[in-house]
Amino acid sequence: MSIQITCPNCGKRSLEEFIYGEVLNVPDSITDIDERDLDRAFMHDNHEGPVKEQWFHSHGCRRWIKLHRDTRNDHIL
Amino acid sequence: MNENIERTIQFKWHDPKPSYDVIIIGGGGHGLATAYYLATRHGITNVAVLEKKYIGSGNSGRNTTIIRANYGIPEAVRFYQRSVELYAGLENETNRSITHKHKGLLWIAHSEAGIRAERARADVNTAFGAETVFVKPDEIKKICPQLDISGDGVWPIRGASYHPAGSSARHDKVVWTYAEGAIMRGVHIHQNTTVNGLTIEGDRIVGVETNQGKIATGCVVSAVGGHVTTLAAMAKLRLPIRTHPLQAFVTNCYEQKLGPIVASTDLLTYVSQTAKGEILMGAEIDRQPSYSYKSGHRFIQSTSRRAMALLPFIRDLRIMRQWTGVCDMSPDYSPIMGKTGIEGFYITTGWGTWGFKAIPVGGEQMAELIATEKTPELIAPFSLNRFAKDRTMADRGSAGTH
């Protein structure tokens, strides 16, 4: 996988320098508090298309960066 | 699909009927095996299998074809052992070759922790019906003379669990065998048929919307690989699934025989020889969720470096092909099978990196569930509601590689 991510602090870097971090999203339609906990613990949007996510630049500036990525083709938007 | 195959195998294509008793979404191994076992074991033949591209075009055509039952928890050992038995009998049952070959599987330990894990694997396997023994380096050398016991000085081989039932089969032939068996008994397979929506009335499923029009049915099985979250969302169902790419590659022909399949949890890699003599290597999934089929050089570099530490002859080979599949990973590395809470909508997913080896048992058990409407004992632990009930099936034996 030769994706490159542009880090605002370090510039263009290889994806291998980063650690993926999911942004959890519990839909508002789930109102029951136990079901919200269940969703938060296990369920995923796993969306096919553009997603907002966060990556940790562990081999660089060691800061979290925000990223828009299309999961269908791994293009960074 | 290959025209030559269509000539030699007795496939018949039909136009979609306005309604079916059962609709299976996904024409891969699991979907076709479910159709086959519905027809052969339960006499249910008014069944349609819907496939977006051509049969076996998804993960059934992208896996590394390893069959084994040496898992880490009792429920999984029983389940995969049944699959090993069904695979062994499939050629006799269908009178078709799937190039099924017993090779044995060595799961190598490089450390004290690894030895404990492999001893535990052997014990759990033996207790629940799968044959696995712990072997020491001198025995390992006899089983697989090519292994470098010193592990290139970095990964010394200190022991291994040996699973004689470890085997492989030709993935396309498995798909075609089940498809032919199902078609011969009256099942319809519709290729190039995309599902755009599921029709739900109250809490019952009543039909599917496809690019070929609406089809009515009381029973829908999702045997989708890779895009199951998107399909489940059509029924407003959220799944504990993240989809990750998994890469693999083969070298040119190795002119000697590599006897067993060789795997290592510490090195996160596994090596086997295909029927053509190529050396097939795979490793862990890509870390970020994605539906991309891109494969890359970095994977080849890191995987072959690790494989060469175990099998030095690999450094003389050349890489021929590389490919990627997208795996539905469940949080506990176990499949998710059974009812969904929506009446008539069944799901078989979470096949992550271990779907091929479970094709026969997955099909057989899903067919039994559909025919009897009762969850068979073998798959009851793998139900979707196990997460709500705090009964996750964390399985070390499947984590990491294949």
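**Exercise 1. State how confident the predictor is in chain B and in the complex.**

Solution. Chain B has an average pLDDT of 93, and 97% of its residues score at least 70, pLDDT being the predictor's confidence in each residue on a scale from 0 to 100. For the complex, the predictor gives an ipTM of 0.93 and a pTM of 0.94. Where pLDDT is low, the predicted coordinates should not be read in detail. This is a predicted model, in which local features need pLDDT of at least 70 and side-chain atom pairs count only at pLDDT 80 or more, whereas totals for chains, interfaces and linings use all residues. Residues are numbered from 1 along each chain as its sequence is written, chains are lettered from A and ligands numbered from 1 in the order in which they are written, and side-chain values use heavy atoms, with hydrogens and water left out.

**Exercise 2. Find the salt bridge between B:Arg242 and A:Glu22, and explain why the pair joins two chains.**

Solution. Begin with the contact itself: the closest N and O atoms of B:Arg242 and A:Glu22 are 2.9 Å apart, and a salt bridge requires a side-chain nitrogen of Lys or Arg within 4 Å of a carboxyl oxygen of Asp or Glu. Next, place the partners: B:Arg242 lies in strand β14 (residues 242–253) of chain B, while A:Glu22 lies in the loop between β3 (19–21) and α1 of chain A, so the pair joins two chains. Strands (E, at least two residues) and helices (H or I, at least four) are DSSP runs, numbered from the N terminus. Finally, consider accessibility: B:Arg242, with a relative accessible area of 22%, and A:Glu22, with 23%, are both partly exposed, a class that lies between buried (under 20%) and exposed (over 50%), for a 1.4 Å probe and protein chains only.

**Exercise 3. Describe the salt bridge between B:Asp172 and B:Arg170, and place salt bridges in the wider structure.**

Solution. The closest N and O atoms of B:Asp172 and B:Arg170 are 2.8 Å apart. Here B:Asp172 counts as buried at 18% relative accessibility, whereas B:Arg170 is partly exposed at 35%. Elsewhere, salt bridges with shared partners link A:Asp39, A:Asp45 and B:Arg238 into one network. Over all chains, the structure holds 19 salt bridges, including one in which the side chains of A:Arg13 and A:Glu17 meet at 3.0 Å, N to O.

**Exercise 4. Locate A:Asp34 and decide whether this residue is buried or exposed.**

Solution. A:Asp34 is found in helix α1 (residues 33–42) of chain A. With a relative accessibility of 57%, A:Asp34 counts as exposed.
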